[in-house]
Amino acid sequence: MTNAMGFFNDIKVLPRGRYLQLVVKITLLDDAIIRSNEPEEVLTFTYKKLGTRFIIPWRKVKGKLRRMVMEKQRELNIPQDSKCYLKDNLCMKCPACLLFGGTGETSKTKSSYNLLSRVLGETFISQTEVKDISAYTANAVDEETLTTGQALMTIVKVPTETEFIGVVTLRDPTKELTAILVDNLNRLTRLGASTREWGKVKTEIIGYVLSDREMLSSYDIVQEMPADLNNIKDLQLPPVEDSFRKVADAIIKILPEGEGGQGKKKQKVTAEAEKE
Amino acid sequence: MKVFACSIYLLDPLFYAREGLSAAYTPHYLHATAINFAVTAVISPEVTGLDPQHQSYVIGEHNGGRNTPRYKNSLASDKFYFTPARLTTPLKYLPEWTKGENDGFVAQTKRGEVLKAEILNYLPPEAEFKGFLISKTDVVFPSLIRLGSFRGKARLHLEELEIVGVFEKEQTASHPVDPLITKVFRGVMVNMFPYPIVDNATIARGVVAKSQEEQMLRVIALPDEWQLPVLKMVRNGGRTIIV
């Protein structure tokens, strides 16, 4: 059930061993605050082979990306019969939940199933070694006393024009799932903390590889860009709005019956049933 | 039967401990369950013989239960078996604050509550684990696998070893051993999830192998339910053994 380019035409409940790997470049158009928690910190890692590099953990990109997908699907009134939002109210039956997964137990919907993420990522690594880290002192002066008190802090940031490379992988891609992921990667324009002020970025998909297993990693790509990348424009992806609606309809077929889906019946395992 | 030395090189930080029991520190061993199921997740079920439902995108009561472990032990396939692996690079941790958002291993944040998060201690990229692979058939193994709670990328490298003998008397294995797969007489228990493994284990049967470059012999345990390979000794003299 694949098309000429090797994409699946439908969504199935079992993996079919195909991986679309998108090589993604994130360029900072402004300074960005990429930190784990401490205010005076910027995330770097010293590799033996690569030297000291700025890094962005995948979970920071994934969280933002998922919010972008959910934002877009809300515009299209998906899901129609319930709300879906991070972090406690995942509906477990919309395109965002299908793509990024979810645990039914922790959601307010209390679904009896979990969804495994179809989108896999990895640490984004800066293309160049760390040379300078910019610091910014923020204060808030009381107009009457002209003092700052506790409202004085230093923010440490990754400098403008830093380029990061990462690989985002979509398992068992259809054209529609790819269209949703690609559109929302391109819509990812802010990253990190305090994005109302900082963290303007440009996200580009440099190319893709479709294979029966994962072959690319950002660790290798920052050392040497692979020569056999395909151009994402050659895919001629369908409009993203149509893709969201088509995927939303398709999910119902794979979810268990009794959970709003049309798939296999939910089995209740009891001691009596086990004896039988 | 073929035997390989297996190296697993981390490209991403690795975390797989759980707070409370292991204090959120990742153990410096890789369990055989982690390696075998990471590899079988990449290879098609036709090759591994694993029930496809074990890798389903939708996990619920209809296919075995949401919170039910889907394996008895680390033997994922009857065609190949990766032993547990040991960290061979210096142990250092990469601590990172992680807001798990109710992922189960960090505190849940609620409205109006000061943000709660905890430090998870990852093993850093470029750390390397070494173990062994025993393969009954010619399987094309992947070069990249995903490990741990956050499914970080790791590179799998295999080097075929020459089997120079089998043994059926007590020997100390060159690798940590999964006690649910291979009978262990003595050893040092390493506490980790999903169940302990045994390092410096004394085992009863297995194969002896060596690499082309190194003269050092490796003692590798076989799963108890697997038969020892039949080897024909052609010549044995001085430093040379031809099998």
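**Exercise 1. Cysteines without partners**

Task: In this predicted model, is A:C94 buried or exposed, and which cysteine sulfur is nearest to that of A:C94?

Solution:
- Start with accessibility. A:C94 has a relative accessibility of 0%, so this residue counts as buried.
- Now look for a sulfur partner. The nearest cysteine sulfur belongs to A:C91, 3.6 Å away.
- Check that against the cut-off: a disulfide needs two cysteine sulfur atoms within 2.5 Å. A:C94 is in no disulfide.
- Try the same with A:C84. The nearest cysteine sulfur here is that of A:C97, at 3.7 Å, and A:C84 is in no disulfide either.
- A:C84 is buried too, with 5% relative accessible area.
- Finish with the tally: over all chains, the count of disulfides is zero.

**Exercise 2. Two helices that cross**

Task: How are helix α1(A) and helix α3(A) oriented to each other, and which residues make the contact?

Solution:
- Find the helices first. In chain A, α1 covers residues 58-75 and α3 covers residues 175-186.
- Next, take the geometry. Their axes come within 9 Å and cross at roughly 110°.
- Angles of 65 to 115 degrees count as roughly perpendicular, and α1(A) and α3(A) are therefore roughly perpendicular to each other.
- Then list who touches whom. α1(A) brings A:L65, A:M68, A:V69 and A:K72, while α3(A) brings A:I180, A:L181, A:D183, A:N184 and A:L185.
- Last, sort this contact by class: you get six nonpolar residues, one polar and two charged.

**Exercise 3. A sheet with strands from chains A and B**

Task: What is the strand order in the open sheet of three strands, and which strands sit at the edges?

Solution:
- Read off the order: β4(A)-β5(A)-β3(B), paired antiparallel.
- Pick out the edges. These are β4 of chain A (102-103) and β3 of chain B (58-60), and each pairs on one side only.
- Zoom in on β5 of chain A, residues 113-115. Three bridges join this strand to β3(B), and the two run antiparallel.
- For one facing pair, look at A:Y113, which stands opposite B:G60 in β3(B).

**Exercise 4. A glycine and its surroundings**

Task: Where is A:G51 found, and which residues does A:G51 contact beyond its neighbours within four places in sequence?

Solution:
- Place the residue: A:G51 belongs to strand β3 of chain A, residues 51-56.
- Check its accessibility. With a relative accessible area of 17%, A:G51 is buried.
- Setting aside neighbours within four places in sequence, A:G51 contacts A:F45, A:T46 and A:E129.
- Finally, compare sequence with space: A:G51 and A:T128 are 77 residues apart along the chain, and their C-alpha atoms are 9.1 Å apart.

How values were computed: Residues numbered from 1 in each chain as written. Chains lettered and ligands numbered in written order. Predicted model: local features only at pLDDT ≥ 70, side-chain atom pairs only at ≥ 80, totals over all residues. Heavy atoms only, no water. Axes fitted to C-alpha atoms, helices over the stretch in contact; angles between N-to-C directions. Helix = DSSP H or I, 4+ residues; strand = E, 2+ residues; numbered from the N terminus. Parallel < 35°, antiparallel > 145°, perpendicular 65-115°, else oblique. Contact = heavy atoms within 4.5 Å. Nonpolar A, V, L, I, M, F, W, Y, C, P; charged D, E, K, R; others polar. Pairing = 2+ DSSP bridges. Buried < 20%, exposed > 50% of the residue type's maximum accessible area, 1.4 Å probe, protein only.
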